[in-house]
Amino acid sequence: GEMPRATSTTAAILLACLAPLASRASILVPTSDYLNGTSMVTFADPDEAMLNSISDSFLTIAFSSPMRAGTPRVLQSGLDANSNPVTTVTFFLNQPVSTFGFKAEPAATGKHTLTATFFMGRQLVETISRDVSGDSGALLFAATAQPGTFFDSVTLTSDADWAIGQIRYAPFRQSQ
(Lines give C-alpha, C1' and ligand atoms only; values in the text may rest on other atoms or scores of the structure.)
Protein backbone atom coordinates (compact mmCIF):
# COMPACT_ATOMS: atom_id res chain seq x y z
CA GLY A 1 0.00 0.00 0.00
CA GLU A 2 3.03 2.35 0.20
CA MET A 3 3.45 2.71 -3.57
CA PRO A 4 0.50 5.06 -4.35
CA ARG A 5 1.38 7.40 -1.50
CA ALA A 6 5.03 7.59 -2.59
CA THR A 7 3.95 8.29 -6.16
CA SER A 8 1.57 11.08 -5.15
CA THR A 9 4.22 12.55 -2.86
CA THR A 10 6.75 12.45 -5.71
CA ALA A 11 4.23 14.08 -8.03
CA ALA A 12 3.52 16.81 -5.47
CA ILE A 13 7.25 17.49 -5.06
CA LEU A 14 7.70 17.63 -8.84
CA LEU A 15 4.77 20.04 -9.21
CA ALA A 16 6.11 22.21 -6.40
CA CYS A 17 9.47 22.38 -8.17
CA LEU A 18 7.99 23.04 -11.61
CA ALA A 19 5.42 25.64 -10.59
CA PRO A 20 7.90 28.54 -10.20
CA LEU A 21 9.48 27.67 -13.55
CA ALA A 22 6.13 27.58 -15.33
CA SER A 23 5.31 31.13 -14.25
CA ARG A 24 8.60 32.51 -15.55
CA ALA A 25 8.84 33.98 -19.03
CA SER A 26 12.26 32.49 -19.80
CA ILE A 27 12.66 29.89 -22.52
CA LEU A 28 15.94 28.00 -22.04
CA VAL A 29 15.38 25.10 -24.45
CA PRO A 30 14.15 25.52 -28.06
CA THR A 31 10.80 23.70 -27.72
CA SER A 32 8.60 23.01 -30.73
CA ASP A 33 6.18 25.70 -29.44
CA TYR A 34 9.03 28.22 -29.44
CA LEU A 35 10.31 27.19 -32.87
CA ASN A 36 6.87 26.95 -34.49
CA GLY A 37 5.56 30.13 -32.84
CA THR A 38 8.43 32.39 -33.88
CA SER A 39 10.09 33.65 -37.07
CA MET A 40 13.85 33.65 -37.58
CA VAL A 41 15.57 36.83 -38.76
CA THR A 42 18.38 35.88 -41.12
CA PHE A 43 20.91 37.92 -43.07
CA ALA A 44 22.71 37.31 -46.35
CA ASP A 45 25.69 39.60 -45.78
CA PRO A 46 29.13 38.05 -46.44
CA ASP A 47 31.36 36.94 -43.56
CA GLU A 48 33.27 39.80 -41.92
CA ALA A 49 30.65 42.38 -43.02
CA MET A 50 29.94 44.90 -40.25
CA LEU A 51 26.19 45.22 -39.71
CA ASN A 52 24.30 48.02 -37.95
CA SER A 53 21.01 46.12 -38.21
CA ILE A 54 19.29 43.06 -39.65
CA SER A 55 15.66 42.77 -40.71
CA ASP A 56 12.93 40.71 -42.28
CA SER A 57 9.61 41.86 -43.74
CA PHE A 58 8.28 42.74 -40.25
CA LEU A 59 11.07 43.45 -37.79
CA THR A 60 14.28 45.50 -37.92
CA ILE A 61 16.83 44.85 -35.17
CA ALA A 62 19.34 47.70 -34.81
CA PHE A 63 22.54 47.18 -32.81
CA SER A 64 24.06 49.67 -30.35
CA SER A 65 27.45 48.81 -31.87
CA PRO A 66 28.12 47.13 -35.23
CA MET A 67 28.05 43.33 -35.29
CA ARG A 68 30.35 41.23 -37.52
CA ALA A 69 28.77 38.59 -39.74
CA GLY A 70 30.30 35.13 -39.40
CA THR A 71 29.91 31.46 -40.30
CA PRO A 72 27.66 29.73 -39.59
CA ARG A 73 25.13 32.61 -39.76
CA VAL A 74 26.17 34.28 -36.52
CA LEU A 75 26.76 37.85 -35.43
CA GLN A 76 29.89 38.53 -33.39
CA SER A 77 30.20 41.43 -30.95
CA GLY A 78 33.93 41.44 -31.78
CA LEU A 79 36.46 44.11 -30.87
CA ASP A 80 36.16 47.89 -30.70
CA ALA A 81 38.45 50.40 -32.44
CA ASN A 82 41.02 49.94 -29.64
CA SER A 83 40.94 46.12 -30.01
CA ASN A 84 39.09 45.70 -26.71
CA PRO A 85 36.32 43.07 -26.63
CA VAL A 86 32.81 44.46 -27.11
CA THR A 87 30.99 42.80 -24.20
CA THR A 88 27.63 44.62 -24.23
CA VAL A 89 25.30 45.22 -27.16
CA THR A 90 21.68 46.36 -27.11
CA PHE A 91 19.27 45.14 -29.78
CA PHE A 92 16.67 47.82 -30.56
CA LEU A 93 13.47 46.35 -32.02
CA ASN A 94 11.46 48.68 -34.29
CA GLN A 95 8.27 46.73 -33.50
CA PRO A 96 7.12 45.42 -30.12
CA VAL A 97 7.44 41.63 -29.85
CA SER A 98 5.86 39.15 -27.47
CA THR A 99 8.69 36.61 -27.78
CA PHE A 100 12.35 37.26 -28.56
CA GLY A 101 15.32 34.95 -28.39
CA PHE A 102 18.69 33.89 -29.75
CA LYS A 103 21.44 31.40 -29.09
CA ALA A 104 24.62 32.89 -27.65
CA GLU A 105 28.13 31.71 -26.88
CA PRO A 106 31.23 33.55 -25.63
CA ALA A 107 34.05 33.92 -28.14
CA ALA A 108 36.61 32.99 -25.47
CA THR A 109 37.04 29.41 -24.28
CA GLY A 110 36.04 28.47 -20.76
CA LYS A 111 32.88 29.46 -18.90
CA HIS A 112 31.55 33.00 -19.04
CA THR A 113 28.31 34.40 -17.68
CA LEU A 114 26.09 35.90 -20.36
CA THR A 115 23.13 38.00 -19.24
CA ALA A 116 20.22 39.00 -21.47
CA THR A 117 17.93 41.75 -20.21
CA PHE A 118 14.57 42.28 -21.91
CA PHE A 119 12.97 45.74 -21.77
CA MET A 120 9.59 47.31 -22.49
CA GLY A 121 10.54 50.95 -22.92
CA ARG A 122 12.82 51.62 -19.94
CA GLN A 123 11.12 48.99 -17.80
CA LEU A 124 13.11 45.81 -17.16
CA VAL A 125 10.75 42.93 -17.91
CA GLU A 126 12.93 39.81 -17.80
CA THR A 127 16.54 38.82 -17.08
CA ILE A 128 18.19 35.58 -18.15
CA SER A 129 21.70 34.88 -16.87
CA ARG A 130 23.47 31.68 -17.90
CA ASP A 131 27.01 30.33 -17.65
CA VAL A 132 28.06 29.34 -21.16
CA SER A 133 31.24 27.57 -22.17
CA GLY A 134 33.01 29.00 -25.22
CA ASP A 135 33.84 25.50 -26.39
CA SER A 136 30.60 23.61 -25.68
CA GLY A 137 28.07 25.24 -28.01
CA ALA A 138 25.63 28.10 -27.77
CA LEU A 139 22.72 28.20 -25.32
CA LEU A 140 19.27 29.70 -25.81
CA PHE A 141 18.35 33.09 -24.31
CA ALA A 142 14.65 33.62 -25.05
CA ALA A 143 11.60 34.97 -23.26
CA THR A 144 7.90 35.47 -23.78
CA ALA A 145 6.37 38.64 -22.36
CA GLN A 146 3.57 38.33 -19.84
CA PRO A 147 0.09 39.34 -21.09
CA GLY A 148 -0.15 43.08 -21.66
CA THR A 149 3.62 43.53 -21.89
CA PHE A 150 6.07 43.29 -24.76
CA PHE A 151 9.79 43.67 -25.53
CA ASP A 152 11.26 46.48 -27.62
CA SER A 153 14.92 46.14 -26.69
CA VAL A 154 17.20 43.43 -25.37
CA THR A 155 20.74 43.86 -24.04
CA LEU A 156 23.29 41.04 -23.97
CA THR A 157 26.32 41.48 -21.77
CA SER A 158 29.26 39.36 -20.58
CA ASP A 159 32.88 39.73 -19.49
CA ALA A 160 34.01 38.46 -22.92
CA ASP A 161 32.97 39.17 -26.49
CA TRP A 162 30.40 36.74 -27.87
CA ALA A 163 28.42 35.59 -30.88
CA ILE A 164 24.68 35.13 -31.36
CA GLY A 165 22.66 33.22 -33.91
CA GLN A 166 19.18 31.85 -34.61
CA ILE A 167 17.52 35.15 -33.71
CA ARG A 168 13.77 34.54 -33.39
CA TYR A 169 10.68 36.57 -32.48
CA ALA A 170 6.89 36.56 -32.36
CA PRO A 171 5.05 39.83 -33.04
CA PHE A 172 3.15 41.50 -30.22
CA ARG A 173 -0.61 41.49 -30.70
CA GLN A 174 -2.85 43.81 -28.69
CA SER A 175 -5.29 41.01 -27.91
CA GLN A 176 -2.70 39.17 -25.79
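Trainee: Which residues does I164 touch, not counting residues up to four places away in sequence?

Mentor: In this predicted model, I164 touches M67, R73, V74, L75, F91, F102, K103, A104 and L156. Each counts as a contact because heavy atoms lie within 4.5 Å.

Trainee: What makes I164 notable in the largest nonpolar core?

Mentor: The largest nonpolar core has 34 residues, and I164 is among those that touch the most other members, together with I61, F91, F100 and F102. Strands β3, β4, β6, β7, β8, β9, β10 and β11 each supply at least two residues of this core. The largest share, 7 residues, comes from β6. As a general matter, nonpolar side chains in soluble globular proteins tend to be buried together.

Trainee: How do you know that F100 and F102 are buried?

Mentor: The relative accessible area of F100 is 1%, and that of F102 is 0%. Buried means under 20%, so F100 is buried and F102 is buried.

Trainee: Why is the pair of F100 and F102 called edge-to-face?

Mentor: The ring centres of F100 and F102 are 6.1 Å apart, with 70 degrees between the planes. Rings pair if their centres lie within 6.5 Å, and planes over 60 degrees apart count as edge-to-face; therefore both conditions are met. The structure holds 8 aromatic pairs, and ring pairs link F63, F91, F100, F102, F141 and W162 into a cluster.

Trainee: Why is the pair of F150 and F172 called tilted?

Mentor: The centres of these two rings are 5.2 Å apart and their planes stand at 55 degrees. That angle is neither under 30 degrees, as stacked rings require, nor over 60, as edge-to-face rings require, so the pair is tilted. F150 lies in the loop between β9 and β10 and F172 in the segment after β11, so the pair ties together parts that are 22 residues apart in sequence.

Trainee: Are F150 and F172 buried or partly exposed?

Mentor: F172 has a relative accessible area of 16%, which places it under the 20% limit, so F172 is buried. F150 stands at 22%, between the limits of 20% and 50%, and therefore counts as partly exposed.

Trainee: What makes strand β7 largely enclosed by the rest of the structure?

Mentor: Strand β7 covers residues 111–120, and 7 of its 10 residues are buried, so the strand is largely enclosed.

Trainee: How do you know that β7 pairs with β8 and with β10?

Mentor: Two strands pair if there are at least two bridges between them. β7 and β8 are joined over 10 bridges in the antiparallel sense, and β7 and β10 over 5 bridges, also in the antiparallel sense. Both counts satisfy the rule, so both are pairings. For instance, L114 stands opposite R130 in β8, while the bridge partner of T115 in β10 is T157. β7 and β8 form a hairpin with 2 residues between them, and G121 in the turn has a positive phi of about 60 degrees.

Trainee: Why is the contact between D47 and R73 called a salt bridge?

Mentor: The closest N and O atoms of D47 and R73 are 2.8 Å apart. The limit is 4 Å, so the pair qualifies as a salt bridge. In general, side chains of opposite charge can pair when their charged atoms come close. D47 lies in the loop between β2 and β3, and R73 in the loop between β4 and β5, 26 residues apart. D47 is partly exposed at 36% relative accessibility, and R73 is partly exposed at 35%.

Trainee: What makes E48 and R68 a salt bridge?

Mentor: Their side chains meet at 3.1 Å, N to O, which is within 4 Å, so the pair also qualifies. The count comes to 2 salt bridges. E48 is in the loop between β2 and β3, whereas R68 is in strand β4, 20 residues apart.

Trainee: How do you know that E48 is exposed, and is R68 exposed or partly exposed?

Mentor: E48 has a relative accessible area of 51%, which is over 50%, so E48 is exposed. R68 has 27%, which lies between the two limits, so R68 counts as partly exposed.

Terms used:
Residues numbered from 1 in each chain as written. Predicted model: local features only at pLDDT ≥ 70, side-chain atom pairs only at ≥ 80, totals over all residues. Heavy atoms only, no water. Buried < 20%, exposed > 50% of the residue type's maximum accessible area, 1.4 Å probe, protein only. Helix = DSSP H or I, 4+ residues; strand = E, 2+ residues; numbered from the N terminus. Phe/Tyr/Trp six-rings, centres within 6.5 Å; stacked < 30°, edge-to-face > 60°. Core = buried A, V, L, I, M, F, W, Y, C linked by side-chain atoms within 4.5 Å.
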